[in-house]
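Open the model in your viewer and keep the selection panel at hand. Each stop below gives something to select and then says what is there.

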Amino acid sequence: MLILTKISHLETFLSQKRSQGSIIGFVPTMGALHEGHISLIKASKNVTDVTVCSIFVNPTQFNDKKDLERYPKTPEKDVMMLEKAGCDAVFMPDAEEIYPEIDERRFDFGYLDKILEGAHRPGHFNGVAQVVSILFNLVKPDKAFFGQKDYQQVMIIKALVKQLHYPIEIVPCPILREKDGLAMSSRNTLLTPDERKAASLIPIVMNEVNELSRKGTEIPELKKHIEERLKDPIYKIDYFAVCDADTLKELNSFSEAKYHVALIACFVGKIRLIDNIILH
Ligand code: AMP
């Protein structure tokens, strides 16, 4: 596996591959890799000839400076995991390489960037759009792979591709979970043992929401259920919403949409975790 830190080296590698007719797959990450990330690498390897992963903790998408400072970094382990998964190249640039100047661009995704994560993390999706558009310009992949753990992000990326006319197929990939159901996340490593135990209640209550909705429980009651189940002070719910799975419009009643997704953001101690479940 090639380890690239400079744009010029990345471009040399990619133009050589492209001249051989290779289909390029791309997996952007912020590192501190886990099996969830590796599942994206595998998904790419299944349908492309060359898989490129990027590792870049993008400062412009962090609205909370402390969150950026404590974001976990495990570059040696990341490289080993990618190598083992059969990734072809990893691009690990520093911030000056990606942002030689301050990125002043402002994106507008309408409703989509003003709700849920957009409402609770101001500027987050603008930062995501900045870095992903830069990485797309550099890698020019045929296909790019994103996890549905970040459900709203996948929709933002699809909107970005449409807005900027990128000839890139966005491939959403399923959420990988720990044995107890907790969605894998780099941030899980920041939890204390007690918080880690407490965090496992999140997927449990999300499954309860699914069960209750199947039995006909309506959305306001589901919200009450979540509040009741996560009332211990170790939890602080940032939001819980049931949305149209296609548009992400927030719903008050299941009758307002055909397909439904429940999404949650919840602090466990100081660490903010997100999860979602398609209801059926
Ligand atoms: P991150 O490093 O957190 O920015 O994530 C990089 C990519 O991995 C994003 O597309 C995430 O949605 C995806 N990802 C993160 N956690 C998981 C997971 N548990 N299962 C599947 N994909 C994931």
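How far from an oxygen atom of the ligand does a backbone N or O atom of Met30 lie? Select both: the distance is 2.9 Å. It is a polar contact (a pair of N or O atoms within 3.5 Å; within protein, one must be able to donate a hydrogen and the other to accept it, and residues adjacent in sequence count only if both atoms are side-chain atoms).

Before moving on, note that this is a predicted model, in which local features need pLDDT of at least 70 and side-chain atom pairs count only at pLDDT 80 or more, while totals for chains, interfaces and linings use all residues. Residues are numbered from 1 along each chain as its sequence is written, and side-chain values use heavy atoms, with hydrogens and water left out.

**Stop 1: the ligand**

Stay with the ligand. Add Gly147: a backbone N or O atom there lies 2.9 Å from an oxygen atom of the ligand. Now add Met184, where a backbone N or O atom lies 2.9 Å from a nitrogen atom of the ligand. The protein covers 92% of the 490 Å² of accessible area that the ligand has on its own (Shrake-Rupley method, 1.4 Å probe; for residues, only the protein chains shown count as cover).

Widen the selection to the 16 residues around the ligand (a residue is near if one of its heavy atoms lies within 4 Å). Met30, Gly147, Asp150, Leu176 and Met184 come nearest. By class, the shell holds nine nonpolar, five polar and two charged residues. Here Ala, Val, Leu, Ile, Met, Phe, Trp, Tyr, Cys and Pro count as nonpolar, Asp, Glu, Lys and Arg as charged, and the others, Gly among them, as polar.

Which elements supply at least two shell residues each? Select β2 (24–29), α2 (35–47) and β5 (143–147). The largest share, three residues, comes from α2. Helices (H or I, at least four residues) and strands (E, at least two) are DSSP runs, numbered from the N terminus.

**Stop 2: the six-strand sheet**

Show the open sheet with the order β1-β4-β3-β2-β5-β6 and parallel pairing. Two strands pair if DSSP finds at least two bridges between them. At the edges are β1 (2–4) and β6 (169–173), each pairing on one side only. Neighbouring strands are turned by 25° against each other on average, direction ignored. Zoom in on β2 and β5, which two bridges join in parallel. Phe26 stands opposite Ala144 in β5.

Next, select helix α8 (residues 151–163). It packs on the sheet, touching β5 and β6, and its direction makes about 175° with that of β6. Contact means heavy atoms within 4.5 Å. Axes are lines fitted to C-alpha atoms, for helices over the stretch in contact, and angles run from 0 to 180 degrees between N-to-C directions.

**Stop 3: the three-strand sheet**

Select β7, β8 and β9, which form an open, antiparallel sheet in that order. Why is one side of β7 (235–244) and of β9 (271–279) left without a neighbour in the sheet? Each stands at an edge with a single partner strand, so nothing in the sheet flanks its other side. The twist averages 15° from one strand to the next.

Nine bridges join β8 (residues 260–268) to β9. Pick Cys266: its bridge partner in β9 is Leu273.

Now bring in the helices. Helix α10 (residues 201–214) lies across β7, β8 and β9, at about 25° to β9. Helix α11 (residues 219–229) lies across β7 and β8, at about 160° to β7.

Finish on Lys236, in strand β7. Beyond its neighbours within four places in sequence, Lys236 contacts Ala265, Cys266 and Phe267.
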